[in-house]
Amino acid sequence: QQYHALLQERKLIFDGADAAQVETGLRESVEKALQNLELQKTTDNNIKTAIAKTGALLEQLQKDRAQLQQQAAKAAENTELWLIAFNKKWTLSFNLDKLAELLAYTPEWIEEERKALRAMDDAITQARSVSDERSNRLQQHEQQRLSERGFEELEALKTDSAALLQQASQQKTETALLLQQDEKNKQQIGDLLNAINAQGIITDNWAKLNDIIGSSDGKKFRQMAQEYTLDVLLGYANMHLQSLSQRYLLQRIPNTLGLQVLDQDMGNEVRTVFSLSGGESFLVSLALALGLASLSSSRMKVESLFIDEGFGSLDPATLNIAMDALERLHNQGRKVGVISHVQEMTERIPVQIKVSKENSGRSRVEVLGV
């Protein structure tokens, strides 16, 4: 009975819940209450911090407000002084209300007003210019005073003007006839000018041809033909001269038929033919003779070449070069005859015709090497 009684009492205390569950719930409630307490403390600290910041901000704002009030007072004072000076300068009666009304206009509206004012100024300037021009014309017209002339004077002026008009009409007709005749003359002159131009072209061609080759005795054309032929001859001669001596090159003196020598071993120095030594003159003469033979080969075949003396003035080296050239000609099929008393040449000429002097004015001819 006691047990049941105690059990009933316990059910009334915790609604029959287990003690462990009740203790757990109590602990959780205590922990939650502690958390709420910490949260409230944090919130309280934040509020205190915000209050402190707000107080500092309020203090700064109050200082700024005082400074702005001072600036506003200074600006109002400056504005009053400016209004006084402006009204005094322009003799106006502006006040703060009027100034605020003007400041309420937008920059766009001000720009439009400025454009309108500029347009008005331009219109005024143009109207003033037209007015001045009209005034000048009026003044000039008043100075003429045509309206003050009498009837007789005006009638005489009319008669004179009619006569002048008739005379001008007659002159116009005559001028038209002259213009028509002038047009015909221009057309005829144009045909003549075309014919003159055509004949001028022909004349220019003949004049150019006359300047080039024309002369009364044909000397200029003959000179040109000779120069051209000499150039061809020098071309052949230089080909042969290269095989004889590569030092020299024959050239024609410009606008003449004279010859000059280009010394290639002396930096292409131009020399006269009179400055050549005996051996050099012999080589140049031999090259010219061979060139002349080559020039004539187009019409006839030159098979024989005879050289009379000229070898005695050659030094051994030049004589050797000349003999080599003559041997090359001989090997090319040409007959080369040499008349000379130089003993060194007999050693290189296989076939010889020897002429020996005898007594009583007689000579003996022998053929050697046949």
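N238 is in contact with L249 and L250, leaving aside its neighbours within four places in sequence. Contact here means heavy atoms within 4.5 Å. N238 sits in helix 6. Helices are DSSP runs of H or I with at least four residues, strands are runs of E with at least two, and both are numbered from the N terminus. At 12% relative accessibility, N238 counts as buried. The classes are buried for under 20% relative accessible area, exposed for over 50%, and partly exposed in between, with a 1.4 Å probe and protein chains only.

This is a predicted model, in which local features need pLDDT of at least 70, side-chain atom pairs count only at pLDDT 80 or more, and totals for chains, interfaces and linings use all residues. Residues are numbered from 1 along each chain as its sequence is written, and side-chain values use heavy atoms, with hydrogens and water left out.

**Helix 6 and helix 7**

H240 also lies in helix 6, which spans residues 219-244. Its relative accessibility is 18%, so H240 counts as buried. H240 touches A287, L290, G291 and S294, not counting residues up to four places away in sequence.

L295 belongs to helix 7, residues 278-296. With residues up to four places away in sequence not counted, L295 touches T229, V232, L233 and Y236. L295 and L233 are 62 residues apart along the chain. Their C-alpha atoms are separated by 6.3 Å.

**Aromatic rings**

A search of the whole structure finds three aromatic pairs. Rings of Phe, Tyr and Trp (its six-membered ring) pair if their centres lie within 6.5 Å; planes under 30 degrees apart count as stacked, over 60 as edge-to-face and the rest as tilted. The W82 and F86 rings have centres 5.0 Å apart and planes at 15°, so this pair is stacked. Both residues are in helix 2 (residues 19-90). They are four residues apart there, so about one helical turn separates them. F86 also pairs with F94. That pair is tilted, with 5.7 Å centre to centre and 45° between the planes. Ring pairs thus link W82, F86 and F94 into a cluster.

How accessible are the members of this cluster? W82 is partly exposed at 44% relative accessible area. F86 is partly exposed at 23%. F94 is partly exposed at 24%.

**Positive phi in two loops**

Two residues other than glycine have a positive phi. The table places each in its loop.

| Residue | Phi | Loop | Relative accessible area |
|---|---|---|---|
| N268 | near 60° | between strand 2 (259-263) and strand 3 (269-272) | 46%, partly exposed |
| S360 | near 60° | between strand 6 (352-357) and strand 7 (363-368) | 75%, exposed |

**The whole chain**

The protein chain has nine helices and seven strands. Its radius of gyration is 68 Å, whereas a compact globule of 370 residues would have one near 21 Å. The radius is taken over C-alpha atoms, and the globule rule is 2.2 Å times the number of residues to the power 0.38. Along the principal axes, the C-alpha atoms fill a box of roughly 200 × 140 × 50 Å.

Q60 and R334 give a sense of the distances involved. They are 274 residues apart along the chain, and their C-alpha atoms are separated by 132 Å. Q60 is in helix 2. It is partly exposed, with a relative accessible area of 39%.

Of the 370 residues, 14% count as buried. Among contacts with a separation of 6 or more, 42% come from residues 24 or more positions apart. The protein chain exposes about 29700 Å², and carbon and sulfur atoms supply 56% of that area. Accessible areas come from the Shrake-Rupley method with a 1.4 Å probe; for residues, only the protein chains shown count as cover.

The protein chain carries 42 positive and 51 negative charges, and their mean positions are 4 Å apart. Lys and Arg count as positive and Asp and Glu as negative, while His and the chain ends are not counted. The place of a charge is NZ of Lys, CZ of Arg, CG of Asp or CD of Glu.
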